[in-house]
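Biologist: Got a minute to walk through this one with me? Let's start with the terms, then go helix by helix.
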Amino acid sequence: MQVTIEDELIGKIKEKGIFSEYLPENFNVKADGWNIYGAGASHKDHVEPYSYYMSRFNKTGDKRMISIPEFGTYVSLVNFLYDNKYTILRTCIEKSKGDKNSFSRFINDNGDIIDVDSTYGDVTATLMLDDGVESNEYEKERSIYVNNMISKIQTTRGAAGILHIDISEFYRNIYTHILGCIKLGIDGVKTAFDQGDDSVDYKLYRQLDDRVRRLNGARTNGLLVGPYISRILSESILAVVDEELRELGLTFTRYADDYEIAVYQDDRDTDIMHLVTSVFDKYYFRINTEKTFYEEYPFYIFSNYEKVIEKIQYTNNRMESPEIVELFNCFFDMEKKGEKGAVRYLLKSYSNKYVVSNKNLYINYLVNVICNDEKNMPLACKILIDEFRQGQVQLESSIKDIIYKHLQYNIKNGNNLAVVWLVYLLVNVRYSFDKEFVRYLIKTGNELAIIILLEEQSWMFDVQLVNECWDQSDCWLMLYQIALRFADKRELYFEKLQINNNRDFYNKLFNNEFSFYKRIGAYYQ
């Protein structure tokens, strides 16, 4: 049987699941040996999603909320999309494929799925893969970023400047009742709503609306930030918006909700902001004035990172201490001057474009990134973990103490995602926590970090500590993991969350010993 693009997209939605790519990969919905999507889930229970915060990286204290929907409701939505893959999903695919203005579309010109690594909030590298290009992931990211920049330059040639426009709280302000605009257009869906339209297409998108809302506590405003399906739906809506902007004669590019509109010399008397606002208003979107600015020529300036690395003199493809210092200084300087993604590229190039002799010096730089650059913290953590697992480095207690101190800082400042990564890092380098730390986490409400410890350092969790976690949490995910490990909590799980329709679904998960967090390994055995 030929696999269709609709089937591939369903597969990608299942693979990505409910977890944001910002989290450690141990959080996933992989189910070896059985079909979790055939377990008969319902969307009719009312369970709140679990939410945590990550920094937006643009100003101190500004945070973005990321959410994890209750799994039974999510599975029901995915099954609904599978049943309607040749109607709803096909329409979404066609919209995304045809939107040449978007650098964040999920289908390319050839009808292939585009994977996107949002890199912990950094949207500078979109993985719009060229055919026939065989290279490592970091090389693809950089080459595609460069190709996209070249495409922007070609698209906006002759422009006097670029007007940067951002939609305010985009995901949160998506009105789910307008999902039908993907098929019917915004005017069509509003007319259908006003007139009580009973057409097949409108009824189908109303059903989609109902299931999407259930992910977010049945709220009509907002798609959850985090799940891959939200990207599919939001990108499809913006493809419709882009159609209207093109009809107004605007020249622009877009990544997610960030628009870059070309302004030409003869546009001086044209109120471009008014034109864009008039379109956004129809979809209930508002412009984020804090992020809106005009950039005069010259624009789209970027460096050749590959050449920067090649210029640093070293022998036999190995860098000694002076070269390592020079390397980091160069990329830190580029990042400081506004080249978003410079440090990320340097880290992703590690052991591919360059190899270091002084591992300890390199580790010190990684620790500096971890403590000062939340955007690149996950990547630095991964490199440090890999080096430790391979026996390339031995971390001194002083380094672990620095990381633990930084963990305490992030707990106090409510940086939930940073806390998760730092706990994950310390667990991986064999740092042992204690019960008092778990109690500290309970008070902060960081259930994801507790789940890591529950799974990786389970010896701490005696009956008393488990009951404390249980009593002080309403997080469906942590309560599930506790019930998975402590069978006497399973009936209480249904009662506490008032799960009625998905009792059989979750019992199947329990019986198959399904965990939303896959343990790291046998470090503590």
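Modeller: Exposed here means over 50% relative accessible area, buried means under 20%, and partly exposed is in between. Keep in mind that this is a predicted model.

Biologist: Fine. Which residues of α10 are exposed?
Modeller: P322 and K336 are exposed, on the other side of α10 from its buried residues.

Biologist: And which ones are buried in α10?
Modeller: E323, I324, L327, F328, F331, M334 and E335. Looking down the axis of α10, these buried residues fall within an arc of 130°, so they line one face of the helix.

Biologist: What covers the buried residues of α10?
Modeller: The cover includes the helices α9 (305-311), α11 (342-348) and α12 (359-372). It also includes the strands β7 (318-319) and β8 (355-356).

Biologist: How does the span of α10 agree with its 16 residues?
Modeller: α10 runs over residues 321-336. At 1.5 Å a residue it should span 22 Å, and its end C-alpha atoms are 22 Å apart, so the two agree.

Biologist: What comes just after α10?
Modeller: G338, which takes a positive phi of about 105°.

Biologist: Any positive phi in residues other than glycine? Where is A256, say?
Modeller: A256 has a positive phi near 55° and is not a glycine. A256 sits in the loop between β4 (252-255) and β5 (258-263). Its relative accessibility is 24%, so A256 counts as partly exposed.

Biologist: And E169, where is that?
Modeller: In the loop between β3 (161-166) and α5 (181-195). E169 is not a glycine either, and its phi is positive, about 45°. E169 is partly exposed, with a relative accessible area of 33%.

Biologist: While we're on backbone, which peptide bond is cis?
Modeller: The bond from Y297 to P298 is cis, with omega near 0°. P298 lies in the loop between β6 (293-296) and α9.

Biologist: Switching to helix packing. At what angle do α3 and α6 cross?
Modeller: Roughly 80°, and their axes come within 11 Å. α3 covers residues 85-97 and α6 covers residues 200-215. Angles of 65 to 115 degrees count as roughly perpendicular, so α3 and α6 are roughly perpendicular to each other.

Biologist: Which residues meet there, α3 to α6?
Modeller: T87, I88 and T91 from α3 meet L204, Y205 and L208 from α6. By class, that contact of α3 with α6 has four nonpolar, two polar and no charged residues.

Biologist: How do α2 and α21 cross?
Modeller: At roughly 105°, with the axes coming within 10 Å. Here α2 is residues 71-83 and α21 is residues 503-511. α2 and α21 are therefore roughly perpendicular to each other.

Biologist: Who makes that contact?
Modeller: F71, G72 and V75 of α2, with F505, Y506 and L509 of α21. The contact of α2 with α21 divides into five nonpolar residues, one polar and no charged.

Biologist: Back to α6. Is R213 buried or exposed?
Modeller: R213, in helix α6, is buried, with a relative accessible area of 17%. Leaving aside neighbours within four places in sequence, R213 is in contact with T176, H177, A218, R219 and T220.

Biologist: And K152, buried or exposed?
Modeller: K152 is in helix α4 (residues 137-155). At 13% relative accessibility, K152 counts as buried. Neighbours within four places aside, K152 is in contact with F103, T253, E260 and Y300.

Biologist: Which residues of α18 are buried?
Modeller: In α18 (residues 463-471), the buried residues are L465, V466, E468, C469 and W470. What covers them includes α16, α17 (447-456), α19 (476-485) and α20 (490-497).

Biologist: You mentioned α16. Where is T444?
Modeller: T444 is in α16, which is residues 435-444. T444 has a relative accessible area of 34% and is partly exposed.

Biologist: Last one. How far apart are T444 and G414?
Modeller: They are 30 residues apart in sequence and 7.8 Å apart in space, C-alpha to C-alpha.

Technical notes. Residues are numbered from 1 along each chain as its sequence is written. This is a predicted model: local features need pLDDT of at least 70, side-chain atom pairs count only at pLDDT 80 or more; totals for chains, interfaces and linings use all residues. Side-chain values use heavy atoms; hydrogens and water are left out. Axes are lines fitted to C-alpha atoms, for helices over the stretch in contact, and angles run from 0 to 180 degrees between N-to-C directions. Helices (H or I, at least four residues) and strands (E, at least two) are DSSP runs, numbered from the N terminus. Angles under 35 degrees count as roughly parallel, over 145 as roughly antiparallel, 65 to 115 as roughly perpendicular and the rest as oblique. Contact means heavy atoms within 4.5 Å. Ala, Val, Leu, Ile, Met, Phe, Trp, Tyr, Cys and Pro count as nonpolar, Asp, Glu, Lys and Arg as charged, and the others, Gly among them, as polar. The expected span of a helix is 1.5 Å times one less than its number of residues. Buried means under 20% relative accessible area, exposed over 50%, partly exposed in between (1.4 Å probe, protein chains only). The arc is that of the directions from the helix axis to the C-beta atoms.
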